[in-house]
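Me: Could you walk me through how the strands and helices of this model are arranged?

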Amino acid sequence: MKKYVSYLLVFVLLLCSCLAACSNGGDADTSAPGQAADFSEDAGTTAAPENIPVQTTKDPTGQSGVGDFQSFKGQTLDGETVDSEIFKNAKLTVVNVWGTFCSPCIEELPHLGEIAAEYKKKGVQVIGLVGDVYDQDGKLTEATVNDAKSIIKETKADYTHIVPDIDFCRVVLSNMTAFPTTYFVDSEGNFVGKAVVGAKDKDGWEETIDAVLSSFE
Amino acid sequence: MFKKLKENARTVFQFCYAALTNGYVYGFFGGKIFKGNTKGFCVPGLNCYSCPGALGSCPIGSFQAVLSERNFKFAFYVAGILMLFGAVFGRFVCGWLCPFGLVQDLLYKIPFPKKRKKLPGDKWLKYLKYIVFAVFVVLLPLTVLDIIGQGSPWFCKYICPSGTLFGAFPLAAADEGIRGALGSLFGWKTAVLVFLLLLSVVVYRPFCRYLCPLGAVYSVFNPIAFYRYKVDSDKCTKCGKCQKECKMDIRVYEKPNDPECIRCGDCIKACPYGAICPSVRMKNERSNKKQK
């Protein structure tokens, strides 16, 4: 009997310590991270404490596609409004969805920068979509936008980067399995070819984009 | 039938537990990772966050992820959870609550001419898991940074076979995009996994013995955890049957709470005098320290 009492005691102690550890708001101490196990990896995003602005994604829906980019709305990093009119600038638009938290995304930005310059004459434009600028409450986070700007400067990926508006952002993210994901869109905003998951180097992108170009020519 | 169940109670428990904590069945069909609220909690075993069915997070994965973040230098929440699990359960987690442990257990049941309990050089190799923890889980994520100061989860990325088996394989099977992204790193991870799976047929739980950083953490707690094994010195005759049955090759009558013990309980079943029993650490056990 004594053995079970001791087991019970341990259990009750544990329960009390777990309950005591729970609290409603985040901790005031900024040097310790918040309650949630927060992490980022190149596959997916998850809930994060207040000072890491990452868009939380709802449970995935049954769809595997995003629909289309015709309802696309957003702003450039400098604040200019953008909508699906932007796709009319090129025969093919490479939309690379990346995040400041995602190392592989950052690694491929220089390659995409070179691609953007080289493929301009072929009627291909590259657009970056920064996917982690909103916090859990849907507010735009200045810190991440600034991070994005400095990353772009460092990596010389100086094509247009866009912060999508919150609703579009949610739609895109809830259907993405991982960062980065790259979509191919024609001048009308329709999908072309298949979305690419994962980062590529310059040769990889040349191969992929050439294949997409030839498929709809 | 019930007798069979009772004999294999631990394996049945491991199955049920693995199924429960990876119960997001929809994830397997859609190739999606569950992102609900329970993902904020770490499960005690080496259960990949990216397993489509996983309802909780891997503590080792979480630890690396927080260390990789540019704003954080230490993962207090995860460290706390690891200490909690360690202090209460010790390596009971390894024996009962780890899906990859279950895989190795099952593989060892496959018949093979010469079964071994350990590899040659075990005396030194068993410390390798502490090095894996120090280097791949702590040091490298903290020090190898990208241009804005973010690290990478080195253990998850280059070593973890549990992640390959339960995360990469199901996701790749179900999602075309992921399949397209697989490259040489996946080749390496698969080679590591296959090697360990094959080795597990010959050697008992080689990953747990030599490589697992989570096992390394919990092993430190084993001698002091709440859940422990007690040897009744009045009943024990030092016949050595416990060590013979012990697949981790531990001299149970001398060190019932050895850092390598995964609490499978085979020694308890084997002891002809019933001298070993599981118990909860109480204050008066300090006088039994010589039994350790």
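Reply: What follows covers a sheet in one chain and a helix pair in another. This is a predicted model, in which local features need pLDDT of at least 70, side-chain atom pairs count only at pLDDT 80 or more, and totals for chains, interfaces and linings use all residues. Residues are numbered from 1 along each chain as its sequence is written, chains are lettered from A and ligands numbered from 1 in the order in which they are written, and side-chain values use heavy atoms, with hydrogens and water left out.

Me: What is the strand order in the open sheet of chain A?

Reply: The seven strands run β2-β1-β5-β4-β3-β6-β7 in chain A, with mixed pairing; strands (E, at least two residues) and helices (H or I, at least four) are DSSP runs numbered from the N terminus, and two strands pair if DSSP finds at least two bridges between them.

Me: And which strands stand at the edges?

Reply: β2 (81-83) and β7 (196-197) of chain A do, each with a single partner strand, so one side of each has no neighbour in the sheet.

Me: In which sense do β1 and β5 of chain A pair?

Reply: β1 (residues 73-76) and β5 (residues 160-164) of chain A pair in the antiparallel sense over three bridges, and A:T76 has A:I162 in β5(A) as its bridge partner.

Me: Switching to chain B, which residues of α4(B) meet α9(B)?

Reply: B:I60, B:F63, B:Q64, B:L67 and B:S68 do, where contact means heavy atoms within 4.5 Å.
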